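Visitor: I would enjoy a close look at one helix in this protein, along with what surrounds it. Could you walk me through that part slowly?

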Amino acid sequence: MPILNVQILQGHSAAQKAALLTAASNAVVESIAAPLPSVRIVLQEVPAENVIVAGEIGKRMVRVDVALIEGRDEAKKAALIAALNQAVCTSIDISGEDVRVLIRDVPKVDMGVANGISAKAAGR
């Protein structure tokens, strides 16, 4: 049950945002073999005046926070980071230098899934 929170600066078109959501979903599915129905992504737009990168207010950036049920190995995580970076760059025309992906492993007992049970109780 990958859950992503993607933060971008305001100002992208609806088409770019839709492309980003679609590309990020596909990146998750293809890189870690997650089933598409389990992928959840929330896109948040941040005003430029609320961002500082390397001392520069309003510098373009993307931050992708990923919560995963624990258990994926380092190679899968590296593939996910690379795939998400590429999805972001292609979708909104930003340099990979300005993209950060953070992965957090969530213990199975701490991840709620469908019908209000834990991932462990669901057999994941």
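Guide: Gladly! One cut-off comes first: a residue is called buried when its relative accessible area is under 20%, exposed when it is over 50%, and partly exposed in between. Please also keep in mind that this is a predicted model.

Let us start with the setting. The protein has 2 helices and 8 strands, and along the sequence they come in the pattern β-α-β-β-β-β-α-β-β-β. The part to look at closely is helix α1, which covers residues 14–32. Its 19 residues should span 27 Å at 1.5 Å a residue, and the C-alpha atoms at its ends are indeed 27 Å apart, so expectation and model agree.

Now turn to the two faces of the helix. Buried residues in α1 are Leu20, Ala24, Ser25, Ala27, Val28, Ser31 and Ile32. Around the axis they take up an arc of only 155 degrees, so they sit on the same side of α1. On the face turned away from that buried side you will find the exposed residues Ala14, Ala15 and Glu30.

What lies over the buried side? The cover for the buried residues of α1 includes three strands, β1 (3–9), β2 (40–46) and β5 (62–69), together with the other helix, α2 (74–92).

Next, follow the chain out of the helix. Right after α1 comes Ala33, placed in the loop between α1 and β2. Ala33 has a positive phi of about 60 degrees, although it is not a glycine. With 61% relative accessibility, which is over the 50% cut-off, Ala33 counts as exposed.

A similar backbone feature turns up elsewhere, in the loop between α2 and β6, where Asp93 is found. Asp93 is not a glycine either, yet its phi is positive, about 55 degrees. Its relative accessible area is 61%, so Asp93 is exposed. The loop between α2 and β6 (99–106) also holds Asp98, but Asp98 is buried, because its relative accessible area of 18% is under 20%. Leaving aside neighbours within four places in sequence, the contacts of Asp98 are Lys59, Arg60, Met61 and Val62.

To put the helix back in context, here is the protein as a whole. Of its 124 residues, 34% count as buried. Among contacts with a separation of 6 or more, 73% join residues that are 24 or more positions apart. The C-alpha atoms fill a box of roughly 45 × 25 × 25 Å along the principal axes. A compact globule of 124 residues would have a radius of gyration near 14 Å, and the protein has 15 Å, which agrees. The exposed area is about 6,900 Å², with carbon and sulfur atoms supplying 52% of it.

Finally, a word on annotation. An unreviewed UniProt entry places the feature "domain: 4-oxalocrotonate tautomerase-like" at residues 2–56 and 64–114. Over residues 2–56, the chain is 35% helix and 31% strand, with end C-alpha atoms 32 Å apart. Over residues 64–114, the chain is 37% helix and 31% strand, and the end C-alpha atoms are 23 Å apart.

Note on methods
Residues numbered from 1 in each chain as written. Predicted model: local features only at pLDDT ≥ 70, side-chain atom pairs only at ≥ 80, totals over all residues. Heavy atoms only, no water. Helix = DSSP H or I, 4+ residues; strand = E, 2+ residues; numbered from the N terminus. Expected span 1.5 Å × (residues − 1). Buried < 20%, exposed > 50% of the residue type's maximum accessible area, 1.4 Å probe, protein only. Arc of directions from axis to C-beta. Contact = heavy atoms within 4.5 Å. UniProt positions renumbered as here; feature names shortened; annotations may be inferred. Rg over C-alpha atoms; globule rule 2.2 N^0.38 Å. Areas by Shrake-Rupley, 256 points an atom, 1.4 Å probe, with all protein chains shown as cover.
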